[in-house]
Amino acid sequence: MLLQKSEKLIMIGDSITDCERKRPYGEGLFGGIGKGYVSLVDALIQSTYPERGIRIVNMGTSGNTVRDLKERWAADVENLKPDWLSIMIGINDVWRQYDQPTICESHVYTEEYEATLRELVLRTKSQVKGIVLMTPFYIEPNREDAMRVTMDEYGAIVKRVAEETDCLYVDTQAAFEPVLREIYPATLAWDRVHPSAVGHMVLAKAFLAAIGYSYHM
């Protein structure tokens with residue numbers, strides 16, 4: 001596994017990352033790390049690699065777009081001096097275009113999304129050992145669905161930025177595909193966005209695969 005002894009991983013994003021994490025920093029007792037995929041990543045790493053003492057901090061904030069991440073980047077990423085950084089952002093950038101179609105100032109279109117994501121990665125890359133870029137997703141198997149089409153466009157941007165900046169890449173949409181062949185999407189997420197525990201495990205497994213996690217006894 002890529003994360004080594006006593007290293008710190010910050011996982012930042014929107015409500016999918018947040019999941020009721022503690023403020024101001026998502027770590028510590030009584031569910032401080034939240035209830036979603038970040039907590040599953042933490043539990044699996046701590047239980048399998050306890051000797052490494054990996055510190056995982058959840059800095060997700062519900063409702064955030066990449067524009068919001070930029071505003072809090074210094075306080076919530078750079079000042080915390082992580083060794084590793086994971087970013088999953090974009091769902092709200094897309095969703096606001098569909099659930100608030102007339103409130104255009106809440107929309108983050110592809111050009112701003114790509115430029116801002118690349119800016120944040122380049123600004124931070126020299127300060128950390130590695131960055132993991134996770135795509136936004138929409139829990140909808142119909143690739144012709146309007147919001148799924150747009151979400152896939154934003155996912156392609158994440159892939160492009162990851163390739164251009166030599167970051168690790170997690171295709172979360174692809175990770176959901178085998179599950180969605182068997183389970184109706186509303187069973188995983190009533191709104192196609194906020195997943196059940198099963199959906200969060202899909203995200204955790206995809207992230208762990210990217211960092212070379214493996215079970216060992």
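Here a student and a tutor talk through one strand and one pocket of a predicted model.

Student: What makes strand β3 mostly covered?

Tutor: Strand β3 spans residues 84-88, and five of its five residues are buried. Buried means under 20% relative accessible area, so each of those five residues falls under that cut-off.

Student: Which residues point which way from β3?

Tutor: Trp-84, Ser-86 and Met-88 point one way, while Leu-85 and Ile-87 point the other way. Residues on both sides are buried.

Student: How do you know that β3 pairs with strand β1?

Tutor: Two strands pair if there are at least two bridges between them. Five bridges join β1, residues 8-13, to β3, so the two strands pair. They run parallel, and Ile-10 has Leu-85 as its bridge partner in β3.

Student: Why is β4 called a partner of β3 as well?

Tutor: The reasoning is alike: five bridges join β3 to β4, residues 130-134, and at least two are needed, so these strands pair too. They also run parallel, with Met-88 opposite Met-134 in β4.

Student: Now the largest pocket: how much space lies in it, and which residues are closest to its centre?

Tutor: The largest pocket holds about 150 Å³ of space. Of its 13 lining residues, Asp-152, Gly-155, Tyr-169, Asp-171 and Gln-173 are the closest to the centre. Helices α6 (146-165) and α7 (172-180) are the elements that give two or more residues to the lining, and α6 gives the most, with five.

Student: What makes the lining a mix of kinds?

Tutor: The lining divides into five nonpolar, three polar and five charged residues. Asp counts as charged, so Asp-152 and Asp-171 belong to the charged group.

Key:
Residues numbered from 1 in each chain as written. Predicted model: local features only at pLDDT ≥ 70, side-chain atom pairs only at ≥ 80, totals over all residues. Heavy atoms only, no water. Buried < 20%, exposed > 50% of the residue type's maximum accessible area, 1.4 Å probe, protein only. Helix = DSSP H or I, 4+ residues; strand = E, 2+ residues; numbered from the N terminus. 1 Å grid on protein atoms, 1.4 Å probe; cavity = no way out; pocket = protein on both sides within 12 Å on 5 of 7 lines; lining within 4 Å. Points joined across faces, edges and corners; volume = space filled by probe spheres on them.
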